[in-house]
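I sat down with this model to look up a few things and jot down what came out. The entries are in the order I went through them.

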Amino acid sequence: MTTTPSHSDWISVSGLEKGFETDSYALDNSADLSGKRIELHDANGNVRRLDIDQEQLRVDDGEAVQVRITSVRERIYLLDWLDESTRPSTSYTVVLDTLTDSYTQVIGTMPTFDVIKTGLYERALGGRSLTDVKVDISHGTVNKPYHDGACPHATTDELVGVRNLYRYSPTEVYEHTYLNENFYTWQCLKGVEQGLCDTDACHYYKITDALYLFIWREKIVPTLGIVMVDEQNHRSDGKIFGVGDSEDAPLANFPMASYCQRLSDTEYPDDL
């Protein structure tokens, strides 16, 4: 007999953070960029300046914010910070590729609680996306003017059909099945969400050989996940961003990293 998780089995992103923080495999912050000023040039000719000092970042000489900087592959970095001056807070994640002097940026925003309360059936009938977690994904160049083709990061189907196992800590283990270019399925094999699963919207980018940027947007508990998956070194690192326990609670934004392995590849018949 198949059992269906009860309402109480779904936890907030803050509750998920508590499960992930114990003995987490999250990478230490990299100090490689400390003391450096980095210019990000976008396709519209705009330039942003990032001044990095240890675990703090100033954007265009603004107020210092906490930043997490990690690297799963030499000379390619993941920078992540929140702009808490906006309501709700805005999440910024940048893949900084010093091998090609290029970057990919993901700006994430969470829906308000009024929007969250809209049921999935109503969304479907109204032709709306089932998730109101928004992302704006863009590309550019580092410390030099942008031109077409300057950023090699591109959408990819190389993970489609793959099943991967991710061990985030001794207690938290998940499986991902990458279904197609727009959706993937996750299930918790061990941990605070054990037995839960869902299929959610996602985005895939190839950064370089066997190194991918994977982004997903959950609908039941509004969540944005952004990770770098290094299938060469069998590591992933990134973050989860999501709504708090209540309308007045701060948004959760916490690191997550894993030891990962490929379980299988799906091959479809040629006549499909």
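Below are my notes on the fold, the sheet, the charged pairs, the cysteines and a surface patch.

**Entry 1: overall picture**

First reminder to myself: this is a predicted model. I counted secondary structure and got three helices and 18 strands in the protein chain. The radius of gyration came next: 19 Å, close to the 19 Å that the globule rule gives for 272 residues, so the chain is as compact as a globular protein of that length. For the box along the principal axes, the C-alpha atoms fill roughly 60 × 50 × 40 Å. I also checked burial, and 44% of the 272 residues come out as buried.

**Entry 2: the nine-stranded sheet**

In what order do the nine strands of the open sheet run? I read it off as β4-β3-β2-β1-β9-β8-β7-β6-β5, with antiparallel pairing. The edges are β4 (65-66) and β5 (68-73); each has a single partner strand, so one side of each has no neighbour in the sheet.

I then looked at what β9 pairs with. On one side there is β8: residues 102-109 of β8 and residues 134-142 of β9 run antiparallel and are joined by eight bridges. Two of the pairs I wrote down are Gln105 with Ser138 of β9, and Gly108 opposite Val135 of β9. Strand β1 (residues 37-42) is also antiparallel to β9, over three bridges. There I noted Asp42, whose bridge partner in β9 is Gly140.

A note for reading side chains here: in a regular strand they alternate between the two faces of the sheet.

**Entry 3: salt bridges**

How many salt bridges does the structure hold? My search gave 16. The general idea is that side chains of opposite charge can pair when their charged atoms come close. I picked three pairs to look at in detail.

Asp237 and Arg68 were up first, with their closest N and O atoms 2.9 Å apart. Asp237 sits in strand β17 (residues 235-242) and Arg68 in strand β5, so I had to jump 169 residues along the chain to get from one to the other; the pair links distant parts of it. Are these two buried or exposed? Asp237 is buried at 1% relative accessibility, and Arg68 is buried as well, at 15%.

Next I took Asp230 and Arg73, where the closest N and O atoms are 2.8 Å apart. This pair also links distant parts of the chain: Asp230 is in strand β16, Arg73 is in strand β5, and 157 residues separate them. Asp230 has 0% relative accessibility and counts as buried. Arg73 counts as buried too, at 13%.

My third pick was Glu175 with Arg163, a salt bridge of 2.7 Å from N to O. Glu175 lies in strand β12 (residues 173-178) and Arg163 in strand β11 (residues 162-167), so this pair ties together parts that are twelve residues apart in sequence. Glu175 is buried, with a relative accessible area of 8%, whereas Arg163 is partly exposed at 29%.

I also found a network: Arg37, Arg49, Asp51 and Asp61 are joined by salt bridges that share partners.

**Entry 4: cysteines**

I ran a disulfide search over the whole structure and it came back with zero. Why is Cys197 not bonded to Cys188? The closest cysteine sulfur to that of Cys197 is in Cys188, 10 Å away, which is too far for a bond; the cut-off is 2.5 Å. Cys197 itself is partly exposed, with a relative accessible area of 45%. Cys202 is in no disulfide either, its nearest cysteine sulfur being that of Cys197 at 16 Å. Unlike a partly exposed residue, Cys202 is buried, with a relative accessible area of 3%.

**Entry 5: a nonpolar patch**

Which residues make the nonpolar surface patch of about 220 Å²? I got Leu120, Leu130 and Ile220. I followed up on Ile220, which is found in the loop between β15 (211-218) and β16 (223-230). Its relative accessibility is 38%, so Ile220 counts as partly exposed.

Note on methods. Residues are numbered from 1 along each chain as its sequence is written. This is a predicted model: local features need pLDDT of at least 70, side-chain atom pairs count only at pLDDT 80 or more; totals for chains, interfaces and linings use all residues. Side-chain values use heavy atoms; hydrogens and water are left out. Buried means under 20% relative accessible area, exposed over 50%, partly exposed in between (1.4 Å probe, protein chains only). Two strands pair if DSSP finds at least two bridges between them. Helices (H or I, at least four residues) and strands (E, at least two) are DSSP runs, numbered from the N terminus. Patches are made of residues with over 30% relative accessible area and no salt bridge: like charges are joined within 9 Å, nonpolar side chains (Val, Leu, Ile, Met, Phe, Trp, Tyr) within 5 Å. Accessible areas come from the Shrake-Rupley method with a 1.4 Å probe; for residues, only the protein chains shown count as cover. A salt bridge is a side-chain nitrogen of Lys or Arg within 4 Å of a carboxyl oxygen of Asp or Glu. The radius of gyration is taken over C-alpha atoms; the globule rule is 2.2 Å times the number of residues to the power 0.38.
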